[in-house]
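This briefing describes a protein chain with its ligands. Please examine the sequence and the structure shown here before reading on.

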Amino acid sequence: MALNNTGQDYGSLAKFFHWLMFLLLLGAIIGGNLDAAMPDGPEKAQELAIHKSFGVLILMVLSLRLLWKLSNTQPAHVESIPRWQATASTVTHWGLYLLMFAQPLSGILMSQSFGYPVPFFGLFDLPMLVEENKAVAKLVHEAHEIIWILLAAIATAHALAALHHHFVRKNDVLRRMLRRV
Ligand code: HEM
Ligand code: HEM
């Protein structure tokens, strides 16, 4: 079980990051929606502290994942794939990285510009990066509501493409993100 990617295959660390991030993002999207539907009060604040902590954890894991991607060989596209699909998948992957960064960053910016702290599992609060500004906070809140929808839509299209390659085209695309984990 190789840790590193090779020219043909994803290594175990890239697979670990991929599936861990999938679970964390799914949890944050479900949790964020449940929290947003709660009436204001101490219970909502408590639930939001958990959502924010997981959001910060996602930002940390994502940063490590990006460093790992940049310092590693990228597997070539599976050979039977037409060039336009290979290009589309590269663009999609970078787009997903952008949105995965934008979502927690907008969360942090939103909370801090509302004047609230961003806790990390009760261990510490993030340093205040911005001053309180309700107008900015409202705008960034809207961004936080839009970015997750874009992320979920593109990730769903990405997953459907992977399933299409596996079940219809019967090539190695999905298998190499799964096997020998
Ligand atoms: C990738 C990580 C994250 C994801 C996927 C995510 C997702 C979501 C979603 C889907 C909602 C519900 C949207 C709505 O209808 O209002 C939400 C709400 C919220 N998120 Fe996040 N979030 C993430 C990270 C963060 C972070 C890091 C913070 C702050 C430090 C944060 C703070 C909030 C707050 C305060 C709300 C509630 C807003 C309200 O009361 O309406 N989120 N999040
Ligand atoms: C939150 C959801 C998801 C996100 C954000 C996401 C993101 C990514 C990213 C960024 C890559 C490029 C590899 C890298 O640079 O790390 C990738 C590769 C891949 N993902 Fe996902 N993914 C998600 C869910 C899924 C699901 C549900 C499936 C399967 C049904 C899937 C199948 C794949 C496959 C097969 C590859 C490798 C593609 C290739 O060989 O070029 N992903 N994913």
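What span should the 25 residues of α1 cover at 1.5 Å a residue, and how far apart are the end C-alpha atoms of α1? The expected span is 36 Å, because it is taken at 1.5 Å a residue, and the end C-alpha atoms of α1 are 36 Å apart, which agrees. The model discussed here is predicted. The protein chain contains four helices and two strands, and these follow the pattern α-α-α-β-β-α along the sequence.

**Overall architecture**

- The C-alpha trace of the protein chain spans about 55 × 30 × 25 Å along its principal axes.
- The protein chain has 181 residues, and buried residues make up 15% of them.
- Among contacts in the protein chain with a separation of 6 or more, 66% are between residues 24 or more positions apart.

**Helices α1 and α4**

- The buried residues of α1 are Ala-14, Leu-25, Ala-28 and Gly-32.
- These buried residues of α1 pack against α2 and α4.
- An α-helix has 3.6 residues a turn, so residues three or four places apart point the same way.
- Helix α4 has 34 residues, which at 1.5 Å a residue should span 50 Å; the end C-alpha atoms of α4 are 49 Å apart, in agreement with that expectation.
- In α4, the buried residues are Val-140, His-144, Ile-147, Trp-148 and His-165.
- The cover over the buried residues of α4 includes α1 and α3.

**Surroundings of ligand 1**

- Ligand 1 is surrounded by 23 residues, of which the closest are Ala-28, Gly-32, Ala-36, Gly-55 and Gly-107.
- Ala-28 and Gly-32 are thus among the closest residues to ligand 1 and also among the buried residues of α1.
- At least two residues of this shell come from each of α1 (12–36), α2 (42–70), α3 (83–114) and α4 (134–167).
- Helix α1 gives the most to the shell around ligand 1, with seven residues.
- By character, the shell around ligand 1 consists of twelve nonpolar, eight polar and three charged residues.

**Surroundings of ligand 2**

- There are 19 residues around ligand 2, and His-93, Ala-155, Ala-159, Ala-162 and Met-177 come nearest.
- Helices α1, α3 and α4 are the elements that give two or more residues to the shell around ligand 2.
- The shell around ligand 2 divides into 13 nonpolar, four polar and two charged residues.

**Individual residues**

- Gln-85 lies in helix α3.
- Is Gln-85 buried, partly exposed or exposed? Gln-85 has 16 other C-beta atoms within 10 Å and is therefore partly exposed, since a buried residue needs 20 or more and an exposed one has 12 or fewer.
- In sequence, Gln-85 and Ala-161 are 76 residues apart, while in space they are 9.7 Å apart, C-alpha to C-alpha.
- Phe-121 is in the loop between β1 (119–120) and β2 (124–125).
- Although Phe-121 is not a glycine, its phi is positive, at about 45°.
- Phe-121 counts as exposed because 12 other C-beta atoms lie within 10 Å, and the limit for an exposed residue is 12 or fewer.
- Lys-170 belongs to the segment after α4.
- Lys-170, not a glycine, has a positive phi of about 55°.
- Lys-170 is exposed because it has 10 other C-beta atoms within 10 Å.

Technical notes: Residues are numbered from 1 along each chain as its sequence is written. Chains are lettered from A and ligands numbered from 1 in the order in which they are written. This is a predicted model: local features need pLDDT of at least 70, side-chain atom pairs count only at pLDDT 80 or more; totals for chains, interfaces and linings use all residues. A residue is near a molecule or strand if its C-beta atom, placed from the backbone, lies within 6 Å of it. Ala, Val, Leu, Ile, Met, Phe, Trp, Tyr, Cys and Pro count as nonpolar, Asp, Glu, Lys and Arg as charged, and the others, Gly among them, as polar. The expected span of a helix is 1.5 Å times one less than its number of residues. Two residues are in contact if their C-beta atoms, placed from the backbone, lie within 7 Å.
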